[in-house]
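Hi,

Here's the structure I said I'd pass along. Have a look, and my notes follow underneath.

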Amino acid sequence: NLLLVTGRNDPIVTEQCSLPILDLVRSEDKTHLRVPGGHMAILGGSGAPKAIWPQVADWLEARSS
């Protein structure tokens, strides 16, 4: 399973650079989560606990046994 998280304002690892991985991974369970923020803010910024982490937790929970 693949969860690809990209930041809308990430100047380092742009969405255009990240999206091709979706075509390279063989799993049929692939999710792209486009979130607000830049490179570090997507997971560690002040808005991440409300804007991003709940979505990541939901994705993980749905795939946990």
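The secondary structure adds up to five helices and two strands, where helices (H or I, at least four residues) and strands (E, at least two) are DSSP runs numbered from the N terminus. In sequence order you'd read the pattern as β-α-α-β-α-α-α.

Before going further: this is a predicted model, with local features needing pLDDT of at least 70, side-chain atom pairs counting only at pLDDT 80 or more, and totals for chains, interfaces and linings using all residues. Numbering runs from 1 along each chain as its sequence is written, and side-chain values use heavy atoms, leaving out hydrogens and water.

On overall dimensions, the C-alpha trace spans about 30 × 25 × 10 Å along its principal axes. The chain has 65 residues, and 28% of them count as buried (under 20% relative accessible area, 1.4 Å probe, protein chains only). About 4,600 Å² is exposed, with carbon and sulfur atoms supplying 55% of that; the areas are Shrake-Rupley values with a 1.4 Å probe.

Contacts here mean heavy atoms within 4.5 Å. Of those with a separation of 6 or more, 60% link residues 24 or more positions apart.

For charges, I get 6 positive and 7 negative side chains, the centres of the two sets being 3 Å apart. Lys and Arg are the positives, Asp and Glu the negatives, with His and the chain ends not counted; the charge sits at NZ of Lys, CZ of Arg, CG of Asp or CD of Glu.

One residue to click on is S18, in helix 1 (residues 15–18). S18 counts as buried because its relative accessibility is 11%. Leaving out residues up to four places away in sequence, S18 touches L4, T6 and V13.

Cheers

Conventions
Buried means under 20% relative accessible area, exposed over 50%, partly exposed in between (1.4 Å probe, protein chains only).
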